[in-house]
Structure formats: structure tokens, C-alpha cells
Amino acid sequence: MNAHRCGNCGSVDLEWTSGEDLTCRHCGTRYRKVPKAAPKVVIKRGANVVFGPNAKVKIKGGMDIEDGANVRIEGSLEFDLEIVELGKPREADQKE
Ligand SMILES: [Zn+2]
């Protein structure tokens, strides 16, 4: 497991504020988990895709499933995500 570390102050005291957002409790910098790249896997409308129970698929970036595509996921899908900095909510207030 990767421990996430604040890029500003080095604290590992990061708190998940939602499923994809992190806030540093030490300096208030906010981070978000996003795909490393634009979706590389695009499943087109009308496609019929089944990831079987033994599938172990690692996707760099994300997956884009168009409306009308039929996708069944029985195996494991892993997305390669990174944490990006969103900046401090009130930068001026952090200075002492
Ligand atoms: Zn910090």
C-alpha cells in the first residue's frame, strides 16, 4: 500500500473528505485522486465486453464506456490513479 504524503509539508496526516478527495490536516492542502492520463480504454456504443471471473485487468488512465455499450465485469479491474494537488483553500490565511 502507498501512504500518501503531502507534497507541501511532508505530513502523512491526510484525511479523505470524500471518495476521491484528500485534505492535509497539517497545512490544509487539498488533493484529488484522478486518472494519470485520459481514458485509454474506450468501449464503444454497441460493443459487448465481458471481463470474466478470472480477469485481472489493470488500466492505465481510465475507462470510458459509451452509452449503449454492454459491459459485464466479473473479474477485477484496477485503475492506475495518482493524487494531484488542488491547492490550498485559503492560501493567504495559512501564512503566519
Ligand atoms: Zn500538508
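A residue is called buried here if its relative accessible area is under 20%, exposed if over 50%, and partly exposed in between (1.4 Å probe, protein chains only). The structure is a predicted model, in which local features need pLDDT of at least 70 and side-chain atom pairs count only at pLDDT 80 or more, while totals for chains, interfaces and linings use all residues. Residues are numbered from 1 along each chain as its sequence is written, and side-chain values use heavy atoms, with hydrogens and water left out.

The chain has 96 residues, of which 22% count as buried. One helix and nine strands are present, where helices (H or I, at least four residues) and strands (E, at least two) are DSSP runs numbered from the N terminus. Their order along the sequence is β-β-β-β-β-β-β-β-β-α. With contact taken as heavy atoms within 4.5 Å, 34% of the contacts between residues at least 6 apart in sequence join residues at least 24 apart.

A good place to begin the tour is the zinc ion. Its protein donors are the SG atoms of Cys6, Cys9, Cys24 and Cys27, at 2.3 to 2.4 Å. Donors are N, O and S atoms within 2.8 Å of the metal (3.2 Å for Na, K and Ca); water is not among the atoms, so sites may look incomplete. The arrangement is tetrahedral because the four donor atoms subtend angles of 105 to 113 degrees around the zinc ion; for four donors, this class requires all angles to lie between 85 and 135 degrees. Along the chain, the donors follow the spacing C-x2-C-x14-C-x2-C. Cys6 sits in the segment before strand 1 (14–16) and Cys27 in the loop between strand 2 (21–24) and strand 3 (30–35), so this pair ties together parts 21 residues apart in sequence.

Cys6 and Cys27 are both buried. For Cys6 the relative accessible area is 3%, whereas Cys9 is partly exposed at 34%. Leaving aside residues up to four places away in sequence, Cys6 touches Ser11, Leu14, Cys24, Cys27, Thr29 and Tyr31. The largest nonpolar core comprises six residues, namely Cys6, Leu14, Leu22, Cys24, Cys27 and Tyr31; such a core is a set of buried Ala, Val, Leu, Ile, Met, Phe, Trp, Tyr and Cys residues joined through side-chain atoms within 4.5 Å.

Strand 2 and strand 3 pair in the antiparallel sense over three bridges, pairing being assigned if DSSP finds at least two bridges between two strands. Thr23 has Arg30 of strand 3 as its bridge partner. The hairpin of these strands has five residues between them, and Gly28 takes a positive phi near 90 degrees there.

Terms used: Tetrahedral: all angles 85-135°; square planar, octahedral: opposite > 155°, others 65-115°.
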